Amino acid sequence: MSKEQTFIASIDQGTTSTRFFIYDKSARIIGSHHVEFTQFYPEAGWVEHDPMEILESVRSCMTKALDKATADGYNVDSGLKAIGLTNQRETVVVWSKSTGSPLYNAIVWMDVRTSSICRKLEKELPGGRTHFVESCGLPLSTYFSAVKLLWLMENKEEVRAAIKKGDALFGTIDTWLIWNLTGGVNGGIHVTDVSNASRTMLMNLQTLDWDKATLKTLGIPAEILPKIVSNAEVIGKIAKGWPLFGVPIAGCLGDQHAAMVGQACRRGEAKCTYGTGAFILLNTGTAPVKSTHGLLTTLAFKLGPKAQTNYALEGSIAIAGAAVQWLRDSLGIISSASEIESLASKVDCTGGVYFVPAFNGLFAPWWRDDARGICIGITRFTSKSHIARAVLESMCFQVKDVLDSMHKDAGEKGEVKNEKEEFLLRVDGGATVNNLLMQIQADLLGSSVVRPADIETTALGAAYAAGIAVGVWKEEELFASGQNIKTASIFSPKSSVEWRKKKVDSWCKAVERTFGLADLE
């Protein structure tokens, strides 16, 4: 007998995999599926995805998650009220409006092929690297979507020709998926949301619309850009030919913004998501806060067309979990990512080894695209356990660098502390199952780290946004005292101030050694 209930689903399209989750009204997962897809590295520093493969990964996940829930007796077809979408940000696709075919592979957020474009613009623009910060909150960097689009326009004849003919559509991955899910060449809806748009370098943070002056300066035609909508509103319905035909897509957020919603981060609260990279966001409330310490001013979320806009300070770390994948796939030191905890636990320190994973440069707060990865302090005593532990420490050091900058930018009034006067960092993402990583993080921060029972808060946040849009949940209820967060573990620091200072000083020396190494390629 089927169980008649209300359901909300979410698509979580990440840097290395796609997932689909179906939730009941209590936000319990009743069906899910996960598919990994191919990463392409055509040249050093280049990272690409096949947009069609991503599309098929979404189809597969939807079908199999639905099959699982149905097999368990849930009548999802009749009870599913809406679908939310969350995605890897900054990654760009340009495709043909008439054929639906991509005109080039998706250029991924961590790709650095645009460094020469960034240097050229820095020299030409009166404001240099910070020329667009006033409008969009972001510095010139290979990280953001606009320069990736410029590269496609300058280097790919197919893209130039399609723009000239009026046949080109541009978007981040959310835009590509929604256009296809709502019909593609047969009436697909060309939209993005405020959080994804805020990462392009093209959206004005005050007006929440494309900044005309920026478009003119960069020579980007407005006609190829999607319409910008809020994070929680009915965008369109799933088209024929897809699983769950007719179900509304009602929520859309970039992955880090979705995690903020999933963690119920109110003003003064921060979260860190440990994935391929690591991303720390602090909710600064209804006004943007300008960073003077190397962070990004960005949008947090806007949960409805008439809802208040929440802003955030963000520190983005390019390589976190990707360093563990590198140990597994490139060096063969581990055979699965989960092995790193037991390997690193065989030693109680790194033996003086420091690893800086500047594979494609360094993001916040350093912003050095000329940096490259190093492993220093190696002796005959060094074992693979020391290196594994140094890799875990590198993730935690980078998070500390960002949080130190965040504390300076936000100030005492901009942060919420507990009764012990501690600023608590909420954490989520796949890597947080690693207890050693979480303990190292607390030790290096000198403050507690809070891990919720459900660490997949990115997908949950997208589901919450969709649920808010269709009336299944209310924003004020989800954010009330963070009551929806079921805390599984709190990791408290066990280290001394002296130990922490010595470690951080050594880390900073190691980071400085990475600068200017791009020429070695």
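This is a short walk through one predicted model, from the whole chain down to single residues.

Okay, let's start with the overall picture. The chain has 521 residues, and its radius of gyration is 22 Å. A compact globule with that many residues would sit near 24 Å, so the chain agrees with that expectation. If you want a box for your setup, the C-alpha atoms fill roughly 65 × 60 × 45 Å along the principal axes. In secondary structure, we have 17 helices and 21 strands. Buried residues account for 62% of the chain. And on contacts: take the ones between residues at least 6 apart in sequence, and 72% of those join residues at least 24 apart.

Next, holes. How many cavities of 30 Å³ or more are there? The count is 1, and the volume of that largest cavity is about 30 Å³. Its lining is Phe170, Gly171, Thr172, Thr175, Thr192, Ala197, Thr200, Trp210 and Pro226. Strand β8, residues 168-172, gives the largest share of that lining, with 3 residues. For anyone thinking about electrostatics, the lining splits into 4 nonpolar and 5 polar residues, with no charged ones.

Now a helix I'd like you to look at: α10, residues 255-262. How many of its 8 residues are buried? The answer is 8 of 8, so to speak a helix that is mostly covered under the 20% cut-off for burial. The list runs Asp255, Gln256, His257, Ala258, Ala259, Met260, Val261 and Gly262. As a reminder, an α-helix has 3.6 residues a turn, so residues three or four places apart point the same way. In α10, though, the buried list takes in every position from Asp255 to Gly262.

Right after that comes a backbone oddity. α10 is followed by Ala264, which has a positive phi. The value is about 55°, and this residue is not a glycine. Ala264 sits in the loop between α10 and β13, the latter being residues 270-274. Is Ala264 buried or exposed? Its relative accessible area is 1%, and with the cut-off at 20% it therefore counts as buried.

Glu90 belongs in the same conversation. Its phi is near 70°, again positive in a residue other than glycine. You'll find Glu90 in the loop between β5 (80-87) and β6 (92-96). Glu90 is buried as well, at 2% relative accessible area.

One more backbone item before side chains. Which peptide bond is cis, with omega near -5°? That's the one from Ala364 to Pro365. Pro365 lies in the loop between β17 and β18.

That loop also holds Arg368, between β17 (354-356) and β18 (374-376). Arg368 has a relative accessible area of 29%, which puts it in the partly exposed class, because that class runs between 20% and 50%. Leaving out residues up to four places away in sequence, Arg368 touches Gly361, Leu362, Phe515 and Gly516. Arg368 and Ala312 are 56 residues apart in sequence, and their C-alpha atoms are 22 Å apart.

Now another arginine, Arg426. This one is in strand β19, residues 425-428. Arg426 is buried, at 15% relative accessible area. What does the side chain of Arg426 make a polar contact with? It's the side chain of Glu269, at 3.3 Å.

Two last stops. Gly285 is in strand β14, residues 278-285, and at 3% relative accessibility it is buried. Its contacts, again not counting residues up to four places away, are Arg267, Thr309, Asn310 and Tyr311. Gly285 and Ser98 are 187 residues apart in sequence and 42 Å apart in space, C-alpha to C-alpha.

Then there's Lys306, in the loop between β15 (296-301) and β16 (310-317). Why does Lys306 count as exposed? Because its relative accessibility is 86%, and exposed means over 50%. Lys306 and Ser230 are 76 residues apart in sequence, with 8.6 Å between their C-alpha atoms.

That's my tour. Happy to pull any of these up on the screen.

Technical notes:
Residues numbered from 1 in each chain as written. Predicted model: local features only at pLDDT ≥ 70, side-chain atom pairs only at ≥ 80, totals over all residues. Heavy atoms only, no water. Helix = DSSP H or I, 4+ residues; strand = E, 2+ residues; numbered from the N terminus. Buried < 20%, exposed > 50% of the residue type's maximum accessible area, 1.4 Å probe, protein only. Polar contact = N/O pair within 3.5 Å; in protein donor to acceptor, adjacent residues only side chain to side chain. 1 Å grid on protein atoms, 1.4 Å probe; cavity = no way out; pocket = protein on both sides within 12 Å on 5 of 7 lines; lining within 4 Å. Points joined across faces, edges and corners; volume = space filled by probe spheres on them. Nonpolar A, V, L, I, M, F, W, Y, C, P; charged D, E, K, R; others polar. Rg over C-alpha atoms; globule rule 2.2 N^0.38 Å. Contact = heavy atoms within 4.5 Å.
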